[in-house]
Amino acid sequence: MRDLTSDTITEAVISTMRDTKDPRVAEILESLVRHLHAFVRDVELTEEEWARGVDFLTRTGQMCTPTRQEFILLSDVLGVTMLVDSLSNRRPSQATQNSVLGPYFREDRPREADAADISGGLPGTPLFFEGRVVDREGAPVAGAAVDVWHSDSDGHYDVDVPGLDEPAMRALFRTDETGHFGFRSIRPSSYPIPGDGPVGELMSATSRSLMRPAHVHVMIETPGFQRVTTMLFPSDDPHLDTDPVFGVRQSLIERFDTYEADAGPCRGMTEVPYILLRRTFVLEPRVTD
Ligand code: BEZ
Ligand code: FE
């Protein structure tokens, strides 16, 4: 372990970890060291570049607070969050696919009854959501916990709407015996991911857009089935192909159909044109080992 060179240092570092007790920890650390060293060799990292990288990661950590997780945002924009999800949740194409959780889910959301208005009185195009939760065979899944949350028509979540003290545009529902849940709210808008930290610097250095396409987050949890953490995107959104966090899947794009106030299934329920969004969510059984 003396006089190590750029040719011998990788094996030397790995050999120091040979007594690692947990075999999975050993596997991960060995691979991490191999890939990290290979990366440094590949780009012939200079001392100045290494120092800049350390500074970037330091500031990423310093940016983190209980409500701001810059490291997860970094993972999101590097595609790691969606890659880990794809490897962990391989589902048949008929099953509802996952997307990113994002930073705006809140545990302290209100429980609401079917058809509740969760708009918090905020302005926007009325949106009626009719959801159904079924299993692989199409049988209804009753009693599932369904979380929904979304932004307002300016792209702000409730926590960022000035003067709004109560949760809005978020709620927890339970499916009924037919697997149904539903609510009324307003159409969400596209919005930028936070760009005022190190991740914003990375995005601007690489000329990437910060704009996420509009979406409604949905998370479904019930015993015996895999949890679904997903979102639905309107098919007419201009940002679908440049989502900075790679969360868009074709199967999660939906038509947000607009109806005149006196037409369609919700006629008479609004005085202005409204959107009706219908979606069936297909759950996969939980694999127990
Ligand atoms: C979101 O959709 O809420 C989100 C996801 C990843 C990063 C930022 C926001
Ligand atoms: Fe979101």
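How many residues surround ligand 1, and which are the closest? The shell holds 13 residues. The closest are P103, Y191, R212, H215 and H217. This is a predicted model, and every value below is computed from it.

**The protein**

The protein has 289 residues, and buried residues make up 40% of them. Its secondary structure comprises 6 helices and 12 strands. Along the principal axes, the C-alpha atoms fill a box of roughly 80 × 45 × 30 Å.

**Where the ligand sits**

Ligand 1 occupies the largest cavity. A cavity here is a space where a 1.4 Å probe fits but cannot get out. The shell around ligand 1 is mixed by class: 8 residues are nonpolar, 3 are polar and 2 are charged.

**Polar contacts**

Three side chains place an N or O atom by an oxygen atom of ligand 1. A pair counts as a polar contact within 3.5 Å. The distances are these:

| Side chain | Partner atom | Distance |
|---|---|---|
| Y191 | oxygen of ligand 1 | 2.6 Å |
| R212 | oxygen of ligand 1 | 2.6 Å |
| H217 | oxygen of ligand 1 | 3.1 Å |

What share of ligand 1 does the protein bury? Taken alone, the ligand exposes 270 Å². The protein buries 100% of that area.

**The picture together**

Y191, R212 and H217 each appear twice in this account. They are among the closest residues to ligand 1. Y191 also makes a side-chain contact at 2.6 Å, as does R212 at 2.6 Å, while the H217 contact is at 3.1 Å. Around them, the shell includes 8 nonpolar residues, and the ligand within lies in the largest cavity.

Key:
Residues numbered from 1 in each chain as written. Chains lettered and ligands numbered in written order. Predicted model: local features only at pLDDT ≥ 70, side-chain atom pairs only at ≥ 80, totals over all residues. Heavy atoms only, no water. Near = heavy atom within 4 Å. Polar contact = N/O pair within 3.5 Å; in protein donor to acceptor, adjacent residues only side chain to side chain. Areas by Shrake-Rupley, 256 points an atom, 1.4 Å probe, with all protein chains shown as cover. 1 Å grid on protein atoms, 1.4 Å probe; cavity = no way out; pocket = protein on both sides within 12 Å on 5 of 7 lines; lining within 4 Å. Sits in = over half its atoms within 2 Å of the grid points. Nonpolar A, V, L, I, M, F, W, Y, C, P; charged D, E, K, R; others polar. Helix = DSSP H or I, 4+ residues; strand = E, 2+ residues; numbered from the N terminus. Buried < 20%, exposed > 50% of the residue type's maximum accessible area, 1.4 Å probe, protein only.
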